[in-house]
Amino acid sequence: MFRLLKRLVLLLFVLVAIGTAAFYLLYFRRTSLPPAPSHGRAVPAIARLPGLSACWIETGKTFSRFSIGMTAGGILVKHPAGDLLIDAGNSSHFSQEVSVYPFWLRWKLQSLAGQLNPAVPLPEMLRRAGEDPAKLRWAILSHVHLDHAGGLTDLPRLTVLMTREELLFAYDPEAQAKGYVLAAYTTVLPKPSAPTLQFNPKPYEIFDESADLYRDGSVVVVPLRGHTPGSAGIFVNLSPTRRFLYVGDSVDDERGFDERVGKPLLLRDSDNDPALANQIVSKLNQLHEKVPGLAILPAHGRSAYKKFFPAGPLSCVSAQ
Ligand SMILES: [Zn+2]
């Protein structure tokens, strides 16, 4: 009896050791990246716009009690000239939609992105935040991966702001075959021949191009090409001191831009162009050092959201 118990304890010890080593290698260990070449800053003039606010719309989460907890969904920007949804999280029919893929790919998608499936569909979450989904003016995606675009299929049809390069990626059969982009979702996107977002050669912060969505400096989009060919970052400026940059999956968590480290091994193959993606991480690190008051929100970085939205999911923050 005692020997059996001893063996069981030993087995348990070995399993815990293997689990810890796997967690370390797959998730915790990161590669240090070189600094980005120093870039001058185009400091924006930011006004306080009455009626402007941003709300945390969380539709999915994992390990929410821990600092590594992930979130999914998006951010609603309430603007006097019409509201904007930034990212849409997973579709409420995620499992059905990925069933077109072979077993292993389906299993991978289910065990990674599938963990962030909505408990409550996006339109209902928006209603809970006081938004009528039919009245949204636009949606914009940080990128077109399935865990950011899927929720659009649950919404009434609306204009999705996307560049030609990201649309070409969304419609690319090769990208679709890898599973990160679903052909089914292109039905809610513009055609690559009619893009709805274009950058101007106007510097903004440390970026060379930008697009000012409302032409009032409140929401400014910059390219973050790398994770996907048309990945974009979205600045939301509630006041000169209350601002954030939503960076999609350019970094997975705050460690990326805080410590200037690459993605964990587990998530690395999601980068379409790993070298470019790493350059963006270094650039975000430079921005973080130059503009420490600017919050950087990784799409899935739950702890970063909690700092910007201290009252938690469904709460809104305004200039006041
Ligand atoms: Zn993602």
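## A buried ring pair

In this predicted model, W56 and Y305 are both buried. Nine aromatic pairs turn up in the structure, and this is one of them: the ring centres of W56 and Y305 are 5.0 Å apart with the planes at 40°, so the pair comes out as tilted. W56 is part of strand β1 (residues 53-62) and Y305 belongs to helix α11, so the contact ties together parts 249 residues apart in sequence. The two rings also have company: ring pairs join W56, F244, Y305, F308 and F309 into a cluster.

## F207 and its neighbours

F207 and F235 make an edge-to-face pair, because their planes sit at 70°, with the centres 6.2 Å apart. F207 is in the loop between α7 (173-177) and β6 (211-212), while F235 is in strand β8 (residues 232-237), 28 residues away. Both F207 and F235 are buried.

F207 has a charged partner too: the charged end of K283 sits over its ring, 5.3 Å from the centre. Elsewhere, R137 lies over the face of W138, at 4.0 Å from the ring centre.

## The zinc site

What holds the zinc ion? D147 (OD), H148 (NE2), D249 (OD) and H300 (NE2) coordinate the zinc ion at 2.1 Å. Along the chain, these donors follow the spacing D-H-x100-D-x50-H. H148 sits in helix α5 (residues 146-149) and H300 in the loop between β10 (295-297) and α11 (302-308), 152 residues apart.

Don't expect a neat polyhedron here: the four donor atoms subtend angles of 86 to 156°, so the arrangement is irregular. As for the histidines, H148 is buried at 2% relative accessible area, and H300 is buried at 6%.

Terms used: Residues are numbered from 1 along each chain as its sequence is written. This is a predicted model: local features need pLDDT of at least 70, side-chain atom pairs count only at pLDDT 80 or more; totals for chains, interfaces and linings use all residues. Side-chain values use heavy atoms; hydrogens and water are left out. Donors are N, O and S atoms within 2.8 Å of the metal (3.2 Å for Na, K and Ca); water is not among the atoms, so sites may look incomplete. Four donors count as tetrahedral if all angles lie between 85 and 135 degrees; four count as square planar and six as octahedral if opposite donors are over 155 degrees apart and all others between 65 and 115; anything else is irregular. Helices (H or I, at least four residues) and strands (E, at least two) are DSSP runs, numbered from the N terminus. Buried means under 20% relative accessible area, exposed over 50%, partly exposed in between (1.4 Å probe, protein chains only). Rings of Phe, Tyr and Trp (its six-membered ring) pair if their centres lie within 6.5 Å; planes under 30 degrees apart count as stacked, over 60 as edge-to-face and the rest as tilted. A charge sits over a ring if NZ of Lys or CZ of Arg is within 6 Å of the ring centre and within 35 degrees of the ring normal.
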